[in-house]
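Subject: Structure for you to look at

Hello,

I am passing on the structure below, together with notes on what came out of it. Please read the notes with the structure open.

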Amino acid sequence: MIGASSIRKEGRAKVLGTAIYTDDKFMSGALHGLTVRSEVPRGILRAIHFGEGIPWEEFTLVTAADIPGTNLVASVVDDQPFLVGIGEEITHSQQAVLLLAHADRHLAEKARRAVRLEIEELPAVLDIQSSLDLQPLIYGTSNLLKEIRIAKGDPDPIWAQAAHVIEGEYRTGAQEQMYIEPNAMLSVVEPKDGLLQVTVWGSLQCPYYVHGALKQLFGLPEKQVRVVAMEMGGAFGGKEDYPSVNGGHAALLAWKSGKPVRLIYDREEDLACTTKRHPSRTRLRTAFDADGNLLALEADFILDGGAYATLSPVVLSRGAVHAAGVYRCPHVRIHARAVATNTPPPGAFRGFGAPQSLFAMERHMDRCARKLGLDAVELRRKNFLRMGDTMATGQVIREDLDLAGLMDRALTAIGYRDKRAAFALTNPEDGPIKRGVGFSVFMHGCGFTGNGESHVASVAGVEGLADGTVAVLAASTEMGQGKNTVFAQIVAEALQLPVELVDTAPVDTDRVPNSGPTVASRSTMMVGRILEDAAIGFKQALVQQGFLAEPYTPETFQAAVAKAVAALGSLRCYGQYHRPPGLQWNDVTYQGDAYPTYSWACYAAEVAVDLDTYEVKVADFVAVQEVGRVVNPTLAAGQIEGGVAQGIGWGLWEEVTMQRGRMVNNQMTNYIIPTAMDLPRIQVVFLENAHAGGPGGAKGIGELPMDGPAPAVVNALENALGALRLDEVPMTPDRLLERCEEVTHG
Amino acid sequence: MADRIDLNLTVNGADHRVSVHPFTRLLDVLREDLRLTGTKEGCGEGECGACTVLLNGQVVNSCLVPAVQAQGAVVVTVEGLADGERLSSLQAAFLAHNGAQCGFCTPGMLLSATDLIHRCPNPSDDQIRDGLAGNLCRCTGYAKILDAVHTAAEREAAR
C-alpha cells in the first residue's frame, strides 16, 4: 500500500467529466451574486449611488450595514472587513463595498456597472519603500503587519575580521496561483428546526477556516454553520484564506435573499482581487574566511503584505526561518518584516515565504562563489549543514543529512561539469543562442512553523461502513495533490487491507472532524500520522469487542466491520496530534525546533537564451529530493513536476503588473503561465530517508518543488551570460534585455 | 431582435432542441441548458482550453462560439468519450498515468488529445506539446499528460 502507485481515487470521475465542482452543482432558483468594488487604492467611502434603468427592487443588495454579526474576516489578525461601510476607510483598489444578486446573470452584470461609488481619495502607499518610510502611515503605528528577529551568535564583530564580506539585494515579484477553476461559492441560508442554518459549498482548501469565519460573520454557534468542500480545480494556497471572504459574501447574499446564491468569479475578477504570492525584497550580507567558510550572515527580509494582515505574519515566519538556507553558520541575524501597502492583500501560495528568501540566498551563494573565485559547487559543499549542526533558530539537525550527496546526484544527472565545459567553448562563438547550467540547494520545513500544530491540535479518524469498507474522516481537502488516495493508502497499510476497501468521506463539517487546514505540506505527514493511529485503534477496538480475530483476511475484516456496524450502529475511531517528545519552540525568541523535520533538495537547470529576442528556454531540468518515504511514487512525481513548472514560471514569465495598486494584466492572455510547449520533461529523483514522525516514514512534499526552480534557472542564466545584475524574478525578456544593456552601456 | 432563438443540435449522439438568449455561448448551452457540466469554464476568453469540445469534428473553445453557430451542429463533449462504463483509450491512459490531478483542465485536454490522435496517430512529444498548447494545466507540468497520450496512441494503433 505505502510505496505503491495506487490509482487516484477520484480519477475516474475526473476523466469521465462527472466530478462535481462548485459551479457544476445545480440548485433550483439560485441567484447570481456579484461584488461591487472600490477602484481607488485608498479613501473614505462617502456614498453608494444606484444608477437609473435598473430594476433595483428586484435585486438583493447587501452592504456593511446589513451584517448580522461581526464585520471582520476571522484570520491570524481580525483586521479585514467583509464590506466597507459608509464613512469607513477603503484600503485597496479591490475592496468590496456592495454585494448584489439577481436571477438573471446578464442583468446582474449590467447592474454592477450601474453602481457608482463616491469616495474621498487619500494618499496611498503602493510599494515596500514608501511603507517603510511611513509615506504615509496607513497601518497601526509603524506600517508593520509583523516583525520577526532571529539571532544566533553575534555577527557584529565578524564583519571587520573576515577576509571577505559580500552584500546583495534581491527582489521577487507577486505570482498568481492560477488554479484553472476560478474561485467559486454556493450558499443557502434557511431556518432548520427554528434555527438559522448557514451552508456554504465551495472551492476551498480549509473548511474549518470558512466555518470559523461564518460563525463570526453571523454570530452563530458551531452547529448552525456547515461548510462542504466540493471537487476543487486547483488551489496552490489561493483557496486557503480567500474563501473566508467570498464564502462570507455568498452567505450574506443567501441570507438576505432567502434563496440559494452562486458567487462564481470570472477570471478577470479572480486575478484582480484574490490573493497572490507576496512580493519581496531581501538584503543579505555574508562574511567568509579566506578558505570560503561562512562566518556570519545577516538578512533583512521584507514582504509586501498589502492592505490587511491576512496570513502575512505566518508567511513571514516561514520565509524568515528559511532565509539562512542550508548552510552552517555560527553567527546569524535575521530581521523580517511584513509591511502594509494599499494593494489587495497577498496570501498563501505554495512555498509560503520560503521561495522568496531561498531565491535570495541561492542567488547570493552563486554571486559569493564568483566574488571569492571559488566554484559554486565547492563553496556550497564546504558550508552545508550536517548532522549535529545548529540552524539559525538553534534547531539541531538530528537526521543523517547528506546534502553533498544530494547535490552530486543532481549535477551528475544533468551533466553539469561536461555542460559547463562545453558551453564555455560554444558561448563565445557568434550566434544568438547562449547556454548555461545552474542549480540550487534548499530545504522546506514540513508542517506548520513552530507551535502551529500544537495550536490546531488536529483530529482525524476512520469510520466503519455498513458494507464493511472503511471511510477516512478528515477535513483535509483534495485539490489535485492526491490526498484522497494517499490517506486511503496510509489507512490501508495500517489495517493491512487492499486500498480498494478504504475511501474518503465527503469533506463536510457536519461529518468530519477538524484535521486542520490543507496547507503547509502537512497533510500526508501530520494528518496521515494521526490516521495511522486512528486506524490501529479502530482495529484494536474490533478485536477487543470480539468482532475480529487476528490474523485476518480482507474478507474476514470486511465481514467483521459490517457485523460491528450492524450491532453498534456507528463505528468511528479518532486520533489527535500530539507533539513528539523533544520538540521545543519559543514563539517570542524564535528559538527552537522551527519544524519537526525538513525535506531537502537540489534542483539543476539548463537554459538556452536567445539574444535576438531575450527569450529563455529551459532545455533540461533535474529535481533530486529527499522527502522521507514516498507514499505514492506516481502522485509524488506529479507534485514535483507541477511544482517545478510553477517555479520556472515564477522565475521567467509570470509577472503581475500593477498600476495604482491594481493588477492591470488580469487576463490569461497577458499573465503568462507555462504551456506544454514551454517545459522540458523534468527528471525527478527521490532519495528516501524514512522519517520517524511521519506515517510509514513520509515527510512533506507539496511545497518543496516551488522553492528551487527560480534560483536554479537564474543561476543558469548567469552561467550563460556572465555576471549581470540577475537579482530579480521574474527574469522576463524585458528585464533580461535591460540587465544586458547595463553591462553594454556601463 | 428576438428574445430567444430555437437551437437544434446533436450532442454526444443525442438530438436536442433548446430555446436560448441570442448571445448565449455554446458553453452555456452545454452546461446550463443540457446540464453537461463536464465542460469547464476557466477564463471565458479562449486562453485556457478547459471548455474545449469538438464542433462538427473541429476542436473549438466553446466559450468563444456563439450558440447560433452551433445550429444543426454535431458536438462531442467529455461526456461523449466513454462507451457506457468503458473508458476511451485516452481516458484510461489519463487515469493510469495520473494525467488528471485537479481534473479541471482534463475534459478539454481529453478532447484536444482525441483530435490530435485522430489527426496524428503516432505523435512525438513535440507533436503532442503542439497539439495541446491551447490547453493550460497548472498541476502536472504536462509530463504525465504526454505519457498518457503516448500510451493511448499506442493502444489505438494496436486495435
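A:Pro730 lies in the loop between β28 (728-729) and α20 (733-744) of chain A; helices (H or I, at least four residues) and strands (E, at least two) are DSSP runs, numbered from the N terminus. The peptide bond that leads into A:Pro730 from A:Val729 is cis, with omega near 0°.

Before the rest, the conventions. This is a predicted model, in which local features need pLDDT of at least 70 and side-chain atom pairs count only at pLDDT 80 or more, while totals for chains, interfaces and linings use all residues. Residues are numbered from 1 along each chain as its sequence is written, and chains are lettered from A and ligands numbered from 1 in the order in which they are written.

Backbone details

There is also a cis peptide bond from A:Gln135 to A:Pro136, with omega near -10°. A:Pro136 sits in the loop between α3 (128-132) and β7 (144-152) of chain A.

A:Thr310 has a positive phi, near 35°, although this residue is not glycine. Its loop runs between β14 (294-306) and α8 (312-322) of chain A. A:Thr310 has 30 other C-beta atoms within 10 Å and is therefore buried (20 or more other C-beta atoms within 10 Å of its own; exposed means 12 or fewer, partly exposed in between, with C-beta atoms placed from the backbone).

In chain B, B:Asn98 is a non-glycine residue with a positive phi, near 60°. The loop between α2 and α3 of chain B holds B:Asn98. B:Asn98 counts as buried because it has 29 C-beta neighbours inside 10 Å.

Strands of chain A

Strand β5 (residues 96-102) of chain A is largely enclosed by the rest of the structure, because 7 of its 7 residues are buried. Strand β1 (residues 31-37) of chain A pairs with β5(A) in the antiparallel sense over 6 bridges (strands pair if DSSP finds at least two bridges between them). Here A:Thr35 is opposite A:Leu99 of β5(A). Strand β3 (residues 60-62) of chain A also runs antiparallel to β5(A), joined by 3 bridges, and A:Leu61 has A:Leu100 as its bridge partner.

Strand β2 (residues 43-50) of chain A has an antiparallel pairing over 2 bridges with strand β4 (residues 89-90) of chain A, where A:Gly43 is partnered by A:Ile90. β2(A) also pairs with strand β6 (residues 115-121) of chain A, antiparallel, over 7 bridges; A:Ile44 is partnered there by A:Glu120.

Helix α5 of chain A

Helix α5 (residues 207-218) of chain A has 12 residues, which at 1.5 Å a residue should span 16 Å, and its end C-alpha atoms are indeed 16 Å apart (the expected span is 1.5 Å times one less than the number of residues). Its buried residues include A:Tyr209, A:Leu214 and A:Phe218. Among the elements that cover the buried residues of α5(A) are β10 (195-202), β11 (225-229) and α6 (243-257) of chain A. A:Gly219, just after α5(A), takes a positive phi of about 65°.

Contact between the chains

The contact involves 42 residues from chain A and 41 residues from chain B (two residues are in contact if their C-beta atoms, placed from the backbone, lie within 7 Å). On chain B, α2 (89-97), α3 (106-119), α4 (125-131) and α5 (143-158) each supply at least two residues of the side that touches chain A. The largest share of that side, 4 residues, comes from α2(B). By class, the side of chain B that touches chain A has 21 nonpolar, 11 polar and 9 charged residues (Ala, Val, Leu, Ile, Met, Phe, Trp, Tyr, Cys and Pro count as nonpolar, Asp, Glu, Lys and Arg as charged, and the others, Gly among them, as polar).

Regards
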